[in-house]
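Thank you for making time for this. I would like to walk through one structure, going from the overall picture to individual residues.

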Amino acid sequence: MTMTLETATIPKPSRLMLAALALGLIILAGFLAPLISPHDPDAVDLLNRAAPPVGLGGSWGHALGTDQIGRDILSRCLWGIRTSFGIATLGLVFSAVLGVTLGIISGLAGAWTDRIIMTVVDVFISLPNLLLMLCGIALLGTETWVLVVLIGFVKWEGYARLVRGQVLAIREQGYIEAARVLGARNLTIALRHVLPNLASPLAVILTLSFPGVLLMEAGLSFLGVGVQPPVASLGRMIDDGRNYLVNAWWISGMPSIVIVAITLLFQIIGDAIRDRVDEWLDA
Amino acid sequence: MLRFMSWRFLRAQVTMLFVLVVAFLTVRLSGEPFDTMFPEGLTQETAQALRHRWNLDLPIWEQFTLYLGKMLTGDFGRSLFTHEPVWQMYAERMPATLAVGSLALIIAISLGIPIGALSALRRGAVTERMLMGVAFLGYAVPHFVFGIGLILLFGYYLRLLPASGLSSPQHYILPVLTLAIPMVAGIARFMRAAMLDTIGQPYVMTAASKGLGNGRIARRHVLRNAMVPLVTVLGLEIAGLINGSVFVEAVFSLPGVGRVLVSSVENRDFTVLQFGVVAYAGLVVLINLVIDLLYTLIDPRVRVGG
């Protein structure tokens, strides 16, 4: 509704398509990292430390330069994208499963269960995610699965709220009544009749919350409490390069550019989706 | 209004209770602290004596009530590593965090509202497009990337500003900007949307048909009504600010509380983490309460309806 006029210079579909295409390429590059990355991301080359990227005196052998111990930055970026998207995707799927389950229970079950779940949702909304993540990491360590579980644990409340609202709306529909009359139980109703109706709003929330989750992983890795070496992670790479900013900005700079590009693309796609949803709600 | 506020109070209390339980469980589930404190190991008797001394041999419920009592009376324990009082560790670093955070908040509010309002009133102008472009960027770039960009530009390339520590007034500029600009962007974006929403309302058309001037309509009818939802967003922005300060302190090596919190996670220094979590969460809950209170003051509908 609000972005329609200012984005009018490029026709909207093509803007969305371009962003989606670019993002798709980045994700594909990350997915194919083991096949297409020019070097082993962990291969140390002490004779070729902090080599500049192409265009600043570097060679095509290390297109984005090398880091403080001679590892190829392009390869590490590709593997880092793979790590970030892997963790964010698994975490979001976990949070969606948790949130959808609790949302359906909350919507279909009685008043007391509903009230308890919604209170917990309120509590989770009002607490900063970072705090809960830090507690969990201190307790469980920094293995990758811990990050996935914790992301699921701090992000579920959005899904639970959405699903509960939808369930309450759907519950009044005639076909649910009909199913109930035919003797279907709550679980059958939830799985057969409610869940399929939730697919598109869920897809929207998943896309909108993706960059936030991606940045959470990158941020924790940057602080040194996320993904641990030797696993390549964009956040960790930025942190590694901080001490070399004066002489070799690209060590931090390249992964930073990758992160910004990804979040910007998501932002463009998210805005376009929001416009569509608004139009759809208006219609 | 009374019902609205007492409901909010209840919710804040439930949230704090949850936080206290999580903090308590984090420490208890982490096992006994002796492994971290005495890496060389302990005899059976000493361990037993220590357990008794710290009440670790009591049932978990009694431990929890003891812990609640201590938290409420201001006894937060000592660090497992340095044996410094936890309270002191945070208090020493509070001024840096508060100074940078409040400066950023002031800048964000005093820039974000006019930028958003102006770009809504001058739709389609080149300046509007540029402003919203910058706001868009500021919204998508995380604090730690933004901070490093500023360090590169102003610290190393232009050599204008110092890039780490807080030893002089100039040192504040980069961290405060890093924290403020994403907030400016967020507030401007929201303000713009709220203004556009308000402009479309029938009462604005009524005001125009009465023959009021554009400036007066903008100030009296549009701006004032657009500010109401902004209060809610401010609450979210402040929570984001607290989040962001942890990263900004890491980027600029500031002596702030965020550093204590993060290093307590790295060292698994659970008493320090426990207090940090309770204090941070308490602050966020308190801010939310204040925002709710402000909301009732600004919006008469909440005051009357409740």
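What follows begins with chain A as a whole, then turns to some of its residues, and ends with chain B.

Before anything else, please keep in mind that this is a predicted model, and that the values I quote are computed from it.

Let me start with the makeup of chain A, which has 10 helices and zero strands, so that reading from the N terminus on, the elements run α-α-α-α-α-α-α-α-α-α. If you take the principal axes as your frame, the C-alpha atoms of chain A fill a box of roughly 75 × 50 × 35 Å. Of the 283 residues in chain A, 49% are buried, and among the contacts between residues at least 6 apart in sequence, 69% join residues that are at least 24 apart.

As for the surface of chain A, the accessible area comes to about 13,000 Å², and carbon and sulfur atoms account for 67% of that area. On the charge side, chain A carries 18 positive and 20 negative side chains, with the centres of the two sets lying 6 Å apart.

Now to single residues, beginning with A:L23, which sits in helix α1, residues 12-31 of chain A. Is A:L23 buried or exposed? A:L23 counts as buried because its relative accessibility is 6%, and the cut-off for buried is under 20%. Which residues does A:L23 touch, once we leave out those up to four places away in sequence? The answer is A:I262, A:L265, A:F266 and A:I269. Taking A:F266 from that list, its C-alpha atom is separated from that of A:L23 by 7.7 Å, although the two residues are 243 residues apart along the chain.

A:W280 offers another case, and this residue is found in helix α10, which covers residues 250-282 of chain A. With a relative accessible area of 65%, A:W280 is exposed, the cut-off for that class being over 50%. Its C-alpha atom and that of A:T101, a residue 179 residues apart from A:W280 along the chain, are separated by 27 Å.

Turning to backbone geometry, I would recall that most residues other than glycine have a negative phi, and that most peptide bonds are trans. Against that background, A:P229 and A:P230 are joined by a cis peptide bond, with omega at about 10°. A:P230 is placed in the loop between α8 (186-223) and α9 (234-240) of chain A.

In chain B, two residues deserve a look for their phi values. B:S253 has a positive phi of about 45° although it is not a glycine, and B:S253 lies in the loop between α10 and α11 (257-267), where it is partly exposed, with a relative accessible area of 35%. B:R268 likewise has a positive phi, of about 50°, and is not a glycine; the place of B:R268 is in the loop between α11 and α12 (270-298), and with a relative accessible area of 31% B:R268 is also partly exposed.

I will finish with charge on the surface of chain B. Which residues gather in a patch of positive charge there? They are B:K210, B:R216, B:R219, B:R220 and B:R224. Of these, B:R220 is found in helix α10, residues 214-251 of chain B, and B:R220 counts as partly exposed because its relative accessibility is 45%.

Notes. Residues numbered from 1 in each chain as written. Chains lettered and ligands numbered in written order. Predicted model: local features only at pLDDT ≥ 70, side-chain atom pairs only at ≥ 80, totals over all residues. Heavy atoms only, no water. Patch = residues over 30% accessible without salt bridge, like charges linked within 9 Å, V, L, I, M, F, W, Y side chains within 5 Å. Areas by Shrake-Rupley, 256 points an atom, 1.4 Å probe, with all protein chains shown as cover. Salt bridge = Lys/Arg side-chain N within 4 Å of Asp/Glu carboxyl O. Lys, Arg positive; Asp, Glu negative; His and termini not counted. Charge placed at Lys NZ, Arg CZ, Asp CG, Glu CD. Helix = DSSP H or I, 4+ residues; strand = E, 2+ residues; numbered from the N terminus. Buried < 20%, exposed > 50% of the residue type's maximum accessible area, 1.4 Å probe, protein only. Contact = heavy atoms within 4.5 Å.
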